[in-house]
Amino acid sequence: MLKYFSYVTVILLFTISCGSVAQQQYKSHAVQKGETVYSIAKEYNISEETIYNLNPDAKNGLKVNSVLIIPSTNLISSGTNNNNFREHKVRRKETLYGIAQKYKVSIDAIKKLNKDLYSRDPKKGERLLIPNTSATTGSTPSTEIGNSPPGTQKYTVQAKETKYGIARKFGISIAELETLNPAMGESLAIGASLVVPDKTIIENAEIDDENFQYYEVKPKEGFYRLKTKFGLSEEEIIALNPYAKEGLKVGMILKLPKDDVLISQEGISVVDLENRIDNKKMKTIAIMLPFRLVRSATDSTSNDQDLLKKDPTLRMSLDFYSGALMAAEFAKDKGISVTMNVYDTEKSESKVASIISGNDFKNVDAVIGPLLQKNVEKASALLKRDQIPVFSPLSNREMAMNDNLFQTLPTDAVLQKTMIRYLKEHASGKNFIIISDSKSQKQRAMLQTAIPSAKTITPREGGYIQANGITAIASETMENWVVLESTNPVLVSSAVNVLAAMPANYKIRLFTLDRNEAYEWHEVSSSRLSKLNFTFPSVNRNITEDDRSPFLISYKNKYGVLPNRYAIRGFDVTYDVLLRLASEKDIYDAVMPENETVYIENKFRYQKTNSEGYTNEAAYILKYNNDLKFEVVE
């Protein structure tokens with residue numbers, strides 16, 4: 001008599017015994033000592049996901065003599081019409097509704113073969129069993145618009161209509177609309193016919209880009225997260241989107257007031273992904289860096305040393321790589337298996353294309369690199385179809401974004417936004433003064449919009465500031481927060497000198513949205529910047545001599561020196577990617593705009609851009625303290 005029968009197993013066996021068709025489709029397997037889900041899946045030439053779908057209790061571990069339900073040898077098809085079933089690999093953003101429409105079957109039919117889906121949504125990468133309708137009907141389902149599947153209708157695109165508007169009108173996601181209409185392009189032609197659900201959710205779903213933005217609900221997002229992100233209550237969201245009253249679902253298109261997405265500091269939580277490791281399957285990472293080692297393959301050791309001295313890109317690449325290697329070692333210590341494939345891009349766009357075309361990237365979990373902007377754009381474009389995430393490690397310039405591209409270095413726009421948010425949140429009881437020149441009009445306008453009460457000073461010809469210009473608008477009873485915006489070293493030096501020499505009855509603190517090279521000019525005194533508590537946004541913080549983090553100790557033990565900022569960044573970026581992969585099955589699910597991860601010098605909080613891709617919105621605010629050192633303010 002077999003032992004350890006679970007309730008689910010008994011029910012499944014009973015179901016299987018009730019009909020000859022079912023008996024042909026399934027068989028039972030008694031677990032033997034030493035067997036694993038992986039070994040059983042390999043024996044029957046099926047995926048582990050298939051076993052888990054049919055035997056949900058198997059996720060809690062296998063017991064000897066327990067019985068598993070296994071598809072019979074003719075169950076899984078390769079898409080031909082003479083078999084009863086086929087296997088479907090879930091793609092990113094796919095929903096159960098979209099999969100059912102794609103294969104012209106009911107949602108319930110899919111759930112019956114994939115029991116887990118009664119309690120959760122499909123996950124990217126898992127394989128589902130799908131009934132092959134053509135096997136029972138004897139013909140291939142038509143994909144023509146004229147033969148719309150059950151529950152759908154034909155719809156003619158009207159003038160000015162967009163994907164967002166149509167998806168919103170019928171209460172489906174963009175991904176579902178694209179699944180129903182695989183031939184649909186990026187733009188819609190007036191008069192084009194589409195397949196849509198047969199029920200209209202909103203009669204008037206015209207897109208008003210001037211006053212509203214349209215947001216696609218992400219996995220795990222509820223009303224609380226949207227309130228944190230947009231500052232809108234559940235009632236306010238429902239007022240604009242009545243169908244959201246029944247609850248939010250992934251892919252739902254929401255109409256929201258047009259405003260910059262700006263999460264308050266109170267709404268941001270620092271998370272330690274080391275405590276969230278849940279997926280220890282092998283992680284395959286591709287590292288793309290411009291070593292350009294081919295040119296020196298026949299050179300002597302001395303020439304290699306000369307090359308290191310002359311080529312800053314090579315030094316940067318090697319330093320970054322040394323940090324990435326340490327990250328892989330730290331991940332392995334946490335039980336995460338890592339395979340790291342390293343490619344030399346040779347600083348060439350064509351070489352990047354050659355690497356991707358000449359190697360199998362389908363099983364790569366993430367690509368880190370290349371360094372150069374044009375090369376990382378090329379890599380992300382080529383890997384976009386398979387949704388392989390590409391992490392740009394060192395470029396903070398505005399990029400041609402793809403939806404699989406992650407910009408790990410905060411852009412100048414992010415730094416400015418972070419500083420303005422800090423100033424705005426602390427504006428109460430402060431007298432704001434803006435000093436800017438003609439080249440910084442944009443920054444001045446941004447500051448005046450955020451803080452309408454701010455006073456302004458325009459420098460005299462030559463870029464000089466006079467003390468009487470400051471005293472005329474400064475306050476003796478309030479703290480004066482002066483924001484200096486300029487790339488002119490003469491103006492920066494003049495303003496710093498005048499402000500630092502102000503009488504003691506004026507309390508002054510100096511800020512900037514951009515700590516540029518002008519502040520490094522020899523005429524700009526560090527001691528005066530310190531006196532003014534000079535405060536600015538930064539992509540990273542600086543480690544101190546007293547820092548005894550395990551990474552710094554391990555790095556010095558291995559390489560004999562402390563890591564520089566490129567080695568530290570290599571560690572921080574790579575370790576963050578590995579931990580995100582280990583905390584979720586899909587790295588895209590690990591993108592939570594209100595959660596921040598912090599490492600040695602860098603922190604990360606990815607957020608979907610208004611177009612495509614993800615930017616790192618996590619930046620530091622630093623200030624010069626009395627010891628002439630940078631201190632973290634936020």
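Ala, Val, Leu, Ile, Met, Phe, Trp, Tyr, Cys and Pro count here as nonpolar, Asp, Glu, Lys and Arg as charged, and the others, Gly among them, as polar. On that basis, the lining of the second largest pocket divides into 13 nonpolar, 8 polar and 7 charged residues. The structure is a predicted model, and all values below are computed from it.

**Overall make-up**

The protein chain has 634 residues, of which 49% count as buried. Its secondary structure comprises 22 helices and 26 strands. Among contacts in the chain with a separation of 6 or more, 68% are between residues 24 or more positions apart.

**Pocket and cavity**

The second largest pocket has a volume of about 890 Å³. Its lining consists of 28 residues, and those that lie nearest the centre of the pocket are N396, L409, V539, N540 and R565. Four elements each supply at least two residues of this lining: the helices α13 (312-333), α16 (412-425) and α22 (565-583), and the strand β20 (535-538).

A search of the whole structure for cavities of 30 Å³ or more finds 2. The second largest cavity has a volume of about 60 Å³. Its lining is made up of V271, L273, R580, A590, M592, N595, T597, R605 and Y606. By class, these residues divide into 5 nonpolar, 2 polar and 2 charged.

**Nonpolar cores**

In soluble globular proteins, nonpolar side chains tend to be buried together. The largest nonpolar core in this model holds 44 residues, and the members that touch the most others are I285, I368, F391, F551, F571, Y575 and V577. The elements that give two or more residues to this core are β11 (283-289), α13, β12 (338-344), β13 (366-368), α21 and α22. The most is given by α22, with 10 residues. Leaving aside neighbours within four places in sequence, F551 is in contact with M326, F330, P563, A567, I568, F571 and I600. A second, separate core has 29 residues, including I435, A500, Y519 and Y624.

I543 has its place in the loop between β20 and α21 (550-559). With a relative accessible area of 26%, I543 is partly exposed, since buried would require under 20%. Not counting residues up to four places away in sequence, I543 touches L552, I568, I600 and E601. For I543 and E601, which are 58 residues apart along the chain, the C-alpha atoms are separated by 6.6 Å.

**Two helices**

Helix α3 (residues 37-44) has V37, I40 and A41 as buried residues. Seen down the axis of α3, the buried residues fall within an arc of 100 degrees, so they line one face of the helix. The face turned away from that buried side carries Y38 and K42, which are exposed.

Helix α5 (residues 96-103) has 6 of its 8 residues buried, so this helix is largely enclosed by the rest of the structure. The buried residues of α5 are L96, G98, I99, A100, Q101 and Y103.

**Backbone features**

Each of these two helices is followed by a residue with positive phi: N45 after α3, near 60 degrees, and K104 just after α5, about 60 degrees. Two residues in loops, K347 and Q387, also have positive phi, and are set out below.

| Residue | Phi | Loop | Relative accessibility |
|---|---|---|---|
| K347 | about 60 degrees | between β12 and α14 (349-358) | 30%, partly exposed |
| Q387 | about 55 degrees | between α15 and β14 (390-392) | 11%, buried |

K347 is not a glycine, and neither is Q387. At 11% relative accessibility Q387 counts as buried, because the limit for that class is under 20%; K347, at 30%, is partly exposed.

A cis peptide bond runs from G369 to P370, with omega near -10 degrees. P370 lies in the loop between β13 and α15 (373-383).

Terms used: Residues are numbered from 1 along each chain as its sequence is written. This is a predicted model: local features need pLDDT of at least 70, side-chain atom pairs count only at pLDDT 80 or more; totals for chains, interfaces and linings use all residues. Side-chain values use heavy atoms; hydrogens and water are left out. Buried means under 20% relative accessible area, exposed over 50%, partly exposed in between (1.4 Å probe, protein chains only). On a 1 Å grid over the protein atoms alone, a cavity is a set of points where a 1.4 Å probe fits but cannot get out, and a pocket is an open set with protein on both sides within 12 Å along at least five of seven lines; lining residues have an atom within 4 Å of a point. Grid points are joined across faces, edges and corners, and a volume is the space filled by probe spheres set on the points. The arc is that of the directions from the helix axis to the C-beta atoms. Contact means heavy atoms within 4.5 Å. A nonpolar core is a set of buried Ala, Val, Leu, Ile, Met, Phe, Trp, Tyr and Cys residues joined through side-chain atoms within 4.5 Å.
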